[in-house]
Amino acid sequence: KLADRESMRWTEQANCKDASPEIFFPKKQDPTLLQLAVKICRDCQVQTDCLAFAIENNIDQGVWGGMDEIKRRRLRRRGN
């Protein structure tokens with residue numbers, strides 16, 4: 001269900017667009033990187049779009065919209 005290029009235009013405005021993917025997809029659960037990712041997301045103007053994309057597409061890895069896998073899983077369970 002991944003979106004087409006046009007519906008992904010929000011990524012061009014994301015705070016993370018020039019950040020290292022390692023921050024959002026660390027090889028190990030690194031609390032320092034997680035905190036940095038959440039900080040980058042905190043004032044992002046497309047944070048809601050990012051989070052919605054991850055939830056709608058059942059992305060289970062990385063930080064999206066300021067939430068890690070565990071928080072998104074909890075959010076999905078509450079919505080069902």
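Select Ile-70 in this predicted model. Ile-70 counts as partly exposed because its relative accessibility is 38%. The residue belongs to helix H4.

From Ile-70, go to Lys-27. The two residues are 43 positions apart in sequence, and their C-alpha atoms are 16 Å apart in space. Lys-27 sits in the loop between H1 and H2. With a relative accessibility of 77%, Lys-27 counts as exposed. Next, draw a distance from Lys-27 to Met-8: the C-alpha atoms are 25 Å apart, for a sequence separation of 19 residues.

**Helix H4 and the loop before it**

Return to helix H4, which covers residues 69–79, and select Arg-76 within it. Which residues does Arg-76 touch, not counting residues up to four places away in sequence? The contacts are Ala-54, Ile-55, Asn-58 and Ile-59. Two of these partners, Ala-54 and Ile-59, come up again below as members of the largest nonpolar core. For a long distance, pair Arg-76 with Asp-18: the C-alpha atoms are 28 Å apart, and the residues are 58 apart in sequence.

Now select Asn-58, one of the contacts of Arg-76. Asn-58 is in the loop between H3 and H4. Its relative accessibility is 52%, so Asn-58 counts as exposed. Check the backbone here: phi of Asn-58 is near 50°, a positive value in a residue other than glycine. Most residues other than glycine have a negative phi.

**The nonpolar cores**

Select Trp-10, Ala-14, Cys-44, Val-46, Cys-50, Phe-53, Ala-54, Ile-59 and Trp-64 together. These 9 residues make up the largest nonpolar core. A second core, separate from that one, has 7 residues, among them Ile-23, Phe-24, Ala-37 and Cys-41.

Within the largest core, pick Val-46. Leaving out residues up to four places away in sequence, Val-46 touches Trp-10, Gln-13 and Ala-14. Trp-10 and Ala-14 are themselves members of the largest core.

**Gln-13 and the segment before H1**

Move to Gln-13, which lies in the segment before helix H1 (21–24). Is Gln-13 buried, partly exposed or exposed? Gln-13 counts as partly exposed, because its relative accessibility is 44%. Beyond residues up to four places away in sequence, Gln-13 touches Cys-44, Gln-45 and Val-46. The C-alpha atoms of Gln-13 and Val-46 are separated by 6.8 Å, although the residues are 33 apart along the chain.

**The salt bridge**

Select Arg-9 and Glu-12. How far apart are the closest N and O atoms of the salt bridge between Arg-9 and Glu-12? They are 3.4 Å apart. Side chains of opposite charge can pair when their charged atoms come close. Arg-9 counts as partly exposed, since its relative accessibility is 42%. Glu-12, at 46%, also counts as partly exposed. The count for the structure is 1 salt bridge.

**The largest pocket**

Show the pocket surface next. The largest pocket has a volume of about 260 Å³. To find its centre, select Cys-16, Phe-24, Phe-25, Cys-50 and Trp-64, the closest to that centre of the 15 lining residues. Colour the lining by class: 12 residues are nonpolar, 2 are polar and 1 is charged. Two residues near the start of this tour of the interior recur here: Cys-50 and Trp-64 belong to the largest nonpolar core.

**The cavity**

How many cavities of 30 Å³ or more does a search of the whole structure find? The search finds 1. The largest cavity holds about 60 Å³ of space. Helix H2 (31–42) and helix H3 (47–56) are the elements that give two or more residues to its lining.

To see that lining, select Trp-10, Ala-14, Asn-15, Cys-16, Ile-40, Cys-41, Cys-44, Val-46, Gln-47, Cys-50 and Gly-65. By class, the lining of the largest cavity has 8 nonpolar and 3 polar residues, and no charged ones. The selection includes Trp-10, Ala-14, Cys-44, Val-46 and Cys-50, which are also in the largest nonpolar core. Cys-41 lines the cavity as well, and Cys-41 is one of the residues of the second core.

Notes
Residues numbered from 1 in each chain as written. Predicted model: local features only at pLDDT ≥ 70, side-chain atom pairs only at ≥ 80, totals over all residues. Heavy atoms only, no water. Core = buried A, V, L, I, M, F, W, Y, C linked by side-chain atoms within 4.5 Å. Buried < 20%, exposed > 50% of the residue type's maximum accessible area, 1.4 Å probe, protein only. Contact = heavy atoms within 4.5 Å. Helix = DSSP H or I, 4+ residues; strand = E, 2+ residues; numbered from the N terminus. Salt bridge = Lys/Arg side-chain N within 4 Å of Asp/Glu carboxyl O. 1 Å grid on protein atoms, 1.4 Å probe; cavity = no way out; pocket = protein on both sides within 12 Å on 5 of 7 lines; lining within 4 Å. Points joined across faces, edges and corners; volume = space filled by probe spheres on them. Nonpolar A, V, L, I, M, F, W, Y, C, P; charged D, E, K, R; others polar.
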